Amino acid sequence: MTETKTYKLPFLILLLVLLLSFCTNISLGSVFIPFKDVFNGLIGNPTGNESWQHIIHEYRLPKAFTAIIVGSGLGISGLLMQTLFRNPLAGPFVLGITSGSSLGVALLIMGASIFGGTLAGILTSKWSIVIAASLGSFIVLLIVLIISNKVRDTMAILIIGLMFGSITTATVSVLSFFSSAEELQQYVFWGFGSIGNLTWYELFIFFIIYTIGILMSLVSIKALNTLLLGENYAKSLGLNLKTSRLFIIIATSLLAGTITAFAGPIVFIGLAIPHLTRQVFNTSNHKILLPAVFLFGAIIMLICDTIAQLPSSDLTLPINAITSLIGAPVIIWLLVRKRKMMF
Amino acid sequence: MTKNKSHIVLKTQDLTIGYASKKAKTVISSNINIELHKGELVGLIGANGIGKSTLLRTLTNVQRKLDGSITINNTILENYSNINLAKALSLVLTEPLGSKNLTVFELVALGRQPYTNWVGSLTKEDFQIINQCLLQTNIDDLKYKKCYELSDGQLQKVMIARALVQDTDLIILDEPTTHLDMYHKAYILKLLQKLAKETNKTILFSSHEIDLAIQLCDTLIVMTKDTVIIDQPSNLIEKGTFNDLFPKDLIVFDDNTGSFRVKK
């Protein structure tokens with residue numbers, strides 16, 4: 001049928017680019033490893049150096065997978081938010097979901113000392129950070145949802161999201177006033193975002209929650225397409241608005257929440273990737289957009305991470321700086337070029 | 001009346017519409033008894049603020065009725081599930097589209113949603129229905145255009161096609177002729193008349209184009225402050241219903257031409 005484009009060629013190219021950026025990502029790093037050895041290390045053959053094998057398996061490979069999960073997950077959650085709120089500015093960051101996670105983590109890291117000694121040790125373990133971040137994002141999304149049911153104006157919802165950002169910043173400054181330098185440092189480092197220090201076990205848990213989020217997004221494809229018409233039309237087409245909306249919100253908070261929990265608050269990817277995707281795939285059909293956003297998100301995140309590694313140097317830049325440095329100009333460029341954001 | 005024998009699609013009995021809050025009920029109109037038959041084009045007219053939109057919102061289950069009953073195809077409105085109501089009633093609203101970055105075909109195809117599978121894949125039959133509806137509404141040549149490229153008149157035709165594709169016995173349109181020029185106002189209403197005849201669907205629309213509605217509709221629902229009257233346009237003119245539609249200080253209804261004119 002010619003009525004709907006299938007975009008086979010762009011998908012094929014994107015898939016190849018993804019493969020290429022994946023290989024580039026694991027080939028480059030602070031330690032130089034010849035490509036031949038990287039390839040051998042990947043398929044399990046002996047490499048020229050024992051430690052190379054270790055670097056590839058325990059460090060670079062999980063990092064590359066994390067990049068794919070983070071990029072695609074944030075991109076998709078941005079897409080879901082943009083369609084749900086029918087606003088091109090929507091994204092996990094702008095809606096305050098990331099702020100919610102940050103607030104959860106800030107309260108945990110810096111508030112833990114209030115509970116004192118031994119308890120503080122348990123509370124600041126990695127898993128409690130993950131839980132605090134997820135809880136924070138879910139609660140904020142719930143509040144945004146309740147408000148969006150009462151306030152019809154989507155602009156108001158975005159402003160409320162920004163207000164949550166301010167509340168987070170304010171709470172963090174209040175908390176930092178009372179907390180130790182160590183705690184403050186721990187929080188600041190978390191805030192830089194990092195995709196590099198996940199073990200295979202953590203990655204496994206991460207992947208499971210991520211997969212649930214992705215599956216829920218896939219189930220929502222039809223609802224998302226219907227929502228393009230507006231809520232009243234969607235309702236008249238038999239869509240159960242409340243259920244679909246809750247489904248989309250839960251999918252978003254699972255994706256954005258766990259990603260923020262495991263990798264820190266990574267900004268701009270959620271907002272920028274869907275817009276970048278729409279430049280290549282000029283459609284609003286989520287059957288096309290969703291997989292395209294997935295590919296784009298994964299590719300961009302791999303590239304950002306490759307840059308952040310500063311190949312052949314010992315330094316690693318905070319990933320958040322790189323995504324902002326790439327994301328913000330992209331949004332500006334798109335706006336200047338098209339003068340109007342379509343979604 | 002021979003019409004009474006034909007199939008009744010929409011029926012209300014002692015319907016009361018308005019807004020209910022915790023404190024009090026605000027009744028906008030009451031004792032509404034209307035019957036719409038298959039294949040009829042029905043216009044809903046009345047002054048601004050008289051409750052046309054409230055009536056349409058109540059009939060389409062967007063807003064709760066205060067009293068009385070509404071039945072569509074002999075089933076009480078409240079008993080419909082979302083999906084079954086979507087197969088019995090389709091809408092064209094005044095609210096803007098959520099996204100205009102859809103092609104005309106994609107937008108019209110969304111009308112098949114109540115019938116498609118979980119990802120919304122279109123079957124051969126769906127394609128057939130969509131293409132037929134595109135032809136019926138004369139927008140086949142716009143198929144691949146994006147909605148943001150369309151004029152208001154074209155977009156209205158597309159929205160009508162989308163409702164048509166939903167394949168319901170009843171189509172309700174809220175002021176389909178606003179923002180359109182005189183030619184397109186007549187064009188859209190004429191199109192609705194043609195569709196009602198060709199497809200044997202019941203089409204109900206609210207409008208301020210009283211003169212056009214008198215010429216084109218099979219039945220008119222006239223809302224005034226006190227009553228809601230439903231009858232054929234010619235009978236309504238005879239009864240002088242239109243004289244009471246508006247305050248009489250500015251415009252008067254001319255029985256001969258079937259239109260309003262400004263008092264000199």
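Buried means under 20% relative accessible area and exposed over 50%, with partly exposed in between (1.4 Å probe, protein chains only). Keep that handy for the exercises below.

This is a predicted model, where local features need pLDDT of at least 70 and side-chain atom pairs count only at pLDDT 80 or more, while totals for chains, interfaces and linings use all residues. Residues are numbered from 1 along each chain as its sequence is written, chains are lettered from A in the order in which they are written, and side-chain values use heavy atoms, with hydrogens and water left out.

**Exercise 1.** Place A:Asn225 in its chain, decide whether it is buried or exposed, and list what it touches.

*Solution.* Start with the element: A:Asn225 sits in helix 10 (residues 221-227) of chain A, where helices are DSSP runs of H or I with at least four residues, strands are E runs of at least two, and both are numbered from the N terminus. Next, accessibility: A:Asn225 counts as buried because its relative accessibility is 8%. Last, its contacts (heavy atoms within 4.5 Å). Leaving out residues up to four places away in sequence, A:Asn225 touches A:Ser284, A:Asn285, A:His286 and A:Lys287, plus B:Leu110 and B:Gln113 from chain B.

**Exercise 2.** Describe the interface of chain B and chain A.

*Solution.* Count residues: 39 of chain B are in contact with 30 of chain A. Then take the buried area, meaning the accessible area (1.4 Å probe) that two parts lose on being put together, summed over both. Here that is about 2900 Å², and carbon and sulfur atoms give 56% of it. Now try salt bridges (a side-chain nitrogen of Lys or Arg within 4 Å of a carboxyl oxygen of Asp or Glu): the rule finds zero across this interface. To finish, sort the side of chain B that touches chain A by class: 20 nonpolar, 13 polar and six charged residues. Ala, Val, Leu, Ile, Met, Phe, Trp, Tyr, Cys and Pro count as nonpolar, Asp, Glu, Lys and Arg as charged, and the others, Gly among them, as polar.

**Exercise 3.** What is the sign of phi in B:Asn31 and in B:Asn74, and where do these residues lie?

*Solution.* Recall the background: most residues other than glycine have a negative phi. B:Asn31 has a positive value, near 55°, and B:Asn74 has a positive one of about 65°. B:Asn31 belongs to strand 2 (residues 25-32) of chain B, and B:Asn74 to the loop between strand 5 (67-72) and strand 6 (75-76) of chain B. B:Asn31 counts as exposed because its relative accessibility is 53%; B:Asn74 is exposed too, at 67%.
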